[in-house]
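This report goes through one protein model, from its domains to its ligand shell and to single residues in a long loop section. The sequence and structure come first.

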Amino acid sequence: EEWDPIKNQLKDFMASTDGPIGTLTTSGGTPVSDHEATSTLDTDSVIDNEYFLDKITHFVEEKIPERIVHPKGSGAFGYFEVTHDISDICKANFLSKVGKKTPIAARLSTTRGNRGGSDVNRDTRGMSIKFYTEEGNLDLTGFSTSVFTIKDAVHFDSANHAAGINPATGFTDISTFWDFLSSLPESIFLVLQLFSDLGIPAGYAHMAAHPIHTYQVVNDCGVYHFVRFHFIPDAGIKHLTSAEAKNISSNDPDFMGRDLFTRIAKGQYPTWTVSVQILSEADLKKTGHIVFDVTTLISTRDFPLLPVGKIVLNENPNNYHAQVEQMAFCPSSLVPGILGAPDKLFLARRLAYRHSQMYRLGSNFKKIPVNCPFRVDTHTYVRDGVPPVGDNEKGAPNYYPNSFNGAEPYREKYNSKLIKIKETSRVNNLGQAAEYYEELSSGEKSRLIDNFSDGLKGALPMIQIKVLNLIKRIHRKLGEQLAKKLKM
Ligand code: HEM
C-alpha cells in the first residue's frame with residue numbers, strides 16, 4: 001500500500017523517537033505523577049489537581065475566531081527564487097539578482113463557508129504568500145480569479161453577508177447571493193469566471209492566482225512603474241467538473257488541502273512561475289487609471305506576462321494552529337521598492353486585515369513566530385499588549401523622538417509616494433466579461449451555462465429575472481441560452 005503521510009503522521013512521529021519524549025508536566029512545568037494522571041470515581045480533580053485544571057480550563061478556550069472570509073485553508077512553506085532581473089524597475093532587495101532565494105509561507109484557501117467546510121466547492125480561492133525578506137515581510141494575497149467582485153470596499157461586508165447565511169433561517173440563501181451580485185454589474189466578470197471551469201481547480205497545485213491590484217513600484221533612481229503579479233502553476237492549470245467535485249466533496253471535503261500536503265510530503269513540490277505585467281508612467285498616460293480597477297484586466301496583448309521568479313512549496317507545517325491558523329497576511333506589509341496599490345480598495349484592505357488579525361490573534365499578532373520578520377532585527381516603539389510580547393524591546397526607549405539612542409528612521413534618497421488616481425467611468429468591465437465568454441471553447445461555454453443555471457435555479461424567480469436581464473446586457477446569446485436552460 002502506498003505511504004499516506006497524513007494517515008501515518010503519528011506513526012512517523014513515533015518512529016522518529018526512542019521512547020516517550022519526556023516526563024509529563026503541567027503548563028507551568030511541574031512534573032505530573034502517575035497518581036495525578038489517573039482519576040477515579042472518588043478523586044476530587046477540581047480542587048487539588050493542577051494537571052486536570054490546566055487541561056480543562058485551557059481546552060475550553062482552544063477555539064479562536066476564524067477568519068471572517070477564507071476561514072478554511074492549508075499552509076505550506078518554501079522559497080521564492082528570482083529567475084529574471086527586474087531590479088531596473090523595482091529596488092526591492094529580494095528581487096535584486098537572479099538566483100536570490102527568499103523563504104516564504106503560503107496559505108491556500110476557499111473564500112466562503114467555514115473552517116470546517118468543504119474545500120471542493122465552486123468558489124473563488126485565495127493564495128497568499130508571505131515573503132520573509134531581509135527588508136521585512138512582504139505579503140501578497142491573491143485570488144484564483146483574475147479580477148475581484150467589487151471596487152468599492154464599502155460593499156465588502158454586504159457582499160459576504162449576501163453570499164453567507166440568511167439571518168433568519170441560518171441557511172445559505174442563494175437568492176441573496178444573486179440579488180447582490182446582479183445589483184453590482186461590475187461583479188459579473190468575476191461571476192463568469194467563477195461559474196466557468198476555473199471555479200473548481202483540480203487541486204491547489206493546478207491553480208493560478210492573481211494578487212489583482214496594480215502595484216506601484218520604484219527603482220533606485222526614484223522612477224515609478226506599475227505591475228500586476230500573476231502566479232501560474234508549473235503543473236498546468238487544471239479543473240474539476242461540477243460532477244467530479246461533488247463526488248470528491250462527499251467523500252473528502254478536505255481534498256484540496258490533503259492533495260497539497262501529500263504532494264509536499266512525497267517530494268512532488270508544487271511550483272508556480274511568478275510573472276508581471278509592467279506599465280511605465282508613459283504607458284499609464286495612454287491607458288488611463290482604469291488599470292487600477294480591480295474588476296478589470298490589463299490586456300496581456302498590450303502588456304504581456306514577463307517571468308520574474310519561482311514559488312516552490314517544499315515544507316509542510318508541523319503544527320496547523322501555530323503555523324497556519326495563526327498566519328496573518330496584511331496587504332500593508334510591504335517592503336522598500338513596493339509601495340502598494342493606489343486604488344481605494346487597497347487602502348481599505350490595509351485597514352481591514354490588520355483589524356481582523358488583531359481581533360482573532362491579538363494586538364501582537366506580528367510577534368507570533370509564523371508572522372515574525374525573522375530575517376530582520378526589528379526595532380519599534382510598539383510596546384506591551386496581550387501575549388506574545390517577545391522581549392518587548394527590553395530597556396530601549398519607548399518613545400520617539402528621544403535623546404537616548406533609540407531606533408532612528410533610515411534616510412531614503414527619494415520620497416516615494418503612491419500616485420493619486422481618478423475613476424473615469426463607473427462600469428467598464430462588461431466588455432471584458434463578454435470577451436471572456438467569447439473566448440471560451442464550445443465545451444467550456446456549455447459547462448459555464450450548465451454551472452450557471454445550476455447555481456441560479458434555486459433562486460427566487462424575481463431574482464432569476466434580474467440576473468438574466470443583466471447577463472443579456474453583457475452577452476445576448478449567453479443570456480438567451482441561460483434563459484432556455486432555466487425554462488424562462
Ligand atoms: C483584490 C481584492 C482581494 C483579494 C485578492 C483578497 C484576498 C484575500 C485572501 C487570499 C485572504 C486569505 C488570507 C489568508 O490566507 O489568511 C483574505 C482574507 C481577508 N480579506 Fe481579502 N481580498 C481582497 C479584498 C478584500 C477587501 C476589499 C476586504 C475588506 C475591505 C478584505 C478583507 C479581508 C479580511 C478581513 C480577511 C481576513 C484576514 C485575516 O483575518 O487574516 N479583502 N483576502
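## Domains

The domain assignment divides the protein into domain 1 (9–59), domain 2 (73–149 + 184–364) and domain 3 (430–485). The model is a predicted one. Between the C-alpha centres of domain 1 and domain 2 the distance is 42 Å.

## The hairpin of β3 and β4

Strand β3 (residues 125–133) and strand β4 run antiparallel and are joined by 8 bridges. Together β3 and β4 make a hairpin, with 2 residues between them. One of the pairings links Met127 to Gly142, its bridge partner in β4.

Strand β4 covers residues 136–143, and 7 of its 8 residues are buried, so the strand is largely enclosed by the rest of the structure.

## The shell around the ligand

The ligand has 29 residues around it, of which His70, Arg107, Gly126, Ala352 and Ser356 come nearest. Two or more residues of the shell are given by each of β2 (101–110), β3, β4 and α12 (344–361). Both strands of the hairpin described above, β3 and β4, are thus in the list of contributing elements. The largest share is that of α12, with 8 residues.

Sorted by class, the shell holds 15 nonpolar, 10 polar and 4 charged residues.

## Tyr353 in helix α12

Which position carries the UniProt feature "binding site"? The record, an unreviewed entry, places this feature at Tyr353. Tyr353 is part of helix α12, the element with the largest share of the ligand shell.

Is Tyr353 buried or partly exposed? Tyr353 has 19 other C-beta atoms within 10 Å and therefore counts as partly exposed, since a buried residue needs 20 or more. Apart from neighbours within four places in sequence, the contacts of Tyr353 are Phe329, Cys330 and Pro331.

## Helix α9

Helix α9 spans residues 255–265, and its buried residues are Met256, Gly257, Asp259, Leu260, Phe261, Arg263 and Ile264. These buried residues pack against three strands: β1 (73–82), β2 and β8 (306–315). Of these, β2 also gives two or more residues to the shell around the ligand.

Just after the helix comes Gly267, which takes a positive phi of about 80°.

## Backbone geometry between α12 and α13

The loop between α12 and α13 has several backbone features to check. Pro387 and Pro388 are joined by a cis peptide bond, with omega about 0°, and Pro388 is located in this loop. A cis peptide bond also joins Tyr400 and Pro401, again with omega about 0°; Pro401 is in the loop between α12 and α13 as well.

Glu393 and Lys394 each have a positive phi although neither is a glycine. For Glu393, phi is near 65°, and for Lys394 it is near 40°. Glu393 belongs to the loop between α12 and α13, as does Lys394. Their surroundings are classed separately: Glu393 has 18 C-beta neighbours inside 10 Å and so counts as partly exposed, while Lys394 has 6 and so counts as exposed.

## Arg383 and Glu423

Arg383 also lies in the loop between α12 and α13. With 12 C-beta neighbours inside 10 Å, Arg383 is classed as exposed, because the exposed class takes in residues with 12 or fewer. Not counting residues up to four places away in sequence, Arg383 touches Asn392, Glu393 and Asn398. One of these partners, Glu393, is a residue with a positive phi. From Arg383 to Gly199 the C-alpha distance is 44 Å, and the two are 184 residues apart in sequence.

Glu423 is another residue of the loop between α12 and α13. Glu423 has 15 C-beta neighbours inside 10 Å, so it counts as partly exposed. How far apart are the C-alpha atoms of Glu423 and Trp3? They are separated by 55 Å, with the two positions 420 residues apart along the chain as the sequence separation.

Technical notes. Residues are numbered from 1 along each chain as its sequence is written. This is a predicted model: local features need pLDDT of at least 70, side-chain atom pairs count only at pLDDT 80 or more; totals for chains, interfaces and linings use all residues. Helices (H or I, at least four residues) and strands (E, at least two) are DSSP runs, numbered from the N terminus. Two strands pair if DSSP finds at least two bridges between them. A residue is near a molecule or strand if its C-beta atom, placed from the backbone, lies within 6 Å of it. Ala, Val, Leu, Ile, Met, Phe, Trp, Tyr, Cys and Pro count as nonpolar, Asp, Glu, Lys and Arg as charged, and the others, Gly among them, as polar. Domain bounds come from an automatic or database domain assignment. UniProt positions are given in the numbering used here, feature names are shortened, and annotations may be inferred rather than shown by experiment. Two residues are in contact if their C-beta atoms, placed from the backbone, lie within 7 Å.
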